[in-house]
Amino acid sequence: MNQYKHIITRQRKWMFYLLALFVLGLGLTPYTRIFLGLLLGTTLSFYNLWVMQRKIDRFGQAVVKGGRAFGIGTFTRFATAGLAVLIALHYEEHFHSLAVIMGLMTTYVVIMIDFALFRNQD
């Protein structure tokens, strides 16, 4: 379980770094629509990562204790993605829709890169 906590911490750290990079891009470049879209998508993607990690932790504890294991929050993640797309479509003048979708995918990219880089270290 200690190894899982390290993985969670590392993935959250990478998401914070990406969010900080997008805030810098928003402030220092003229591409405000793109970086606002990336920021919106990545923020909600980070929320999805947090929900997924929390649900997986509870799922694992329920399995160990022999209790009833509930789902891992798939509906919540889909609803969050739908919310992001609705916000982007409603405020098209502020958010770039493709950037929002790319931002929503950052969690999965972070998970894959984290796995590729650190699979033998922990």
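A salt bridge is counted here when a side-chain nitrogen of Lys or Arg lies within 4 Å of a carboxyl oxygen of Asp or Glu. The model is predicted: local features need pLDDT of at least 70, side-chain atom pairs count only at pLDDT 80 or more, and totals for chains, interfaces and linings use all residues. Residues are numbered from 1 along each chain as its sequence is written, and side-chain values use heavy atoms, with hydrogens and water left out.

The structure holds 2 salt bridges. Side chains of opposite charge can pair when their charged atoms come close. In one bridge, Asp57 pairs with Lys5, and the closest N and O atoms are 3.6 Å apart. Asp57 belongs to helix H2 and Lys5 to helix H1 (residues 2–28), so this pair ties together parts that are 52 residues apart in sequence. Helices are DSSP runs (H or I, at least four residues), numbered from the N terminus. Asp57 is buried, at 15% relative accessible area. Lys5 is partly exposed, at 39%. Buried means under 20% relative accessible area, exposed means over 50%, and partly exposed lies in between (1.4 Å probe, protein chains only).

Arg10 and Asp114 also meet through their side chains in a salt bridge, at 2.5 Å from N to O. Arg10 sits in helix H1 and Asp114 in helix H5, so the pair ties together parts that are 104 residues apart in sequence. Arg10 counts as buried, with 14% relative accessibility. Asp114 is buried too, with a relative accessible area of 5%.

Helix H1 also contains Gly25. This glycine is buried, with a relative accessible area of 8%. Gly25 and Ala79 are 54 residues apart in sequence, and their C-alpha atoms are 27 Å apart in space.

The interior was examined next. A nonpolar core is a set of buried Ala, Val, Leu, Ile, Met, Phe, Trp, Tyr and Cys residues joined through side-chain atoms within 4.5 Å. The largest has 7 residues: Leu40, Leu44, Ala84, Ala88, Phe95, Val100 and Leu104. Helices H2, H3 and H4 each give two or more residues to this core. Apart from it lies another core, of 6 residues, including Leu19, Phe22, Phe35 and Leu38. In the largest core, Ala88 touches Phe95, Ser97 and Val100, not counting residues up to four places away in sequence. Contact means heavy atoms within 4.5 Å.

Helix H4 has two faces. Its buried residues are Ala99, Val100, Gly103 and Leu104. They cover an arc of only 140° around the axis, which puts them on the same side of H4. The arc is that of the directions from the helix axis to the C-beta atoms. The buried residues of H4 pack against helix H2 (32–65), H3 and H5. On the other side of H4, Leu98 and Met102 are exposed.

Leu98 and Met102 also belong to a nonpolar surface patch of about 1,000 Å². The other members are Val85, Leu89, Ile101, Met105, Tyr108, Val109, Met112, Ile113 and Leu117. Patches are made of residues with over 30% relative accessible area and no salt bridge; nonpolar side chains (Val, Leu, Ile, Met, Phe, Trp, Tyr) are joined within 5 Å, like charges within 9 Å. Accessible areas come from the Shrake-Rupley method with a 1.4 Å probe. Helix H3 (74–90), helix H4 (97–104) and helix H5 (106–118) are the elements that give two or more residues to the patch. H5 provides the largest share, 5 residues. Val109 lies in helix H5. It is partly exposed, with a relative accessible area of 40%.
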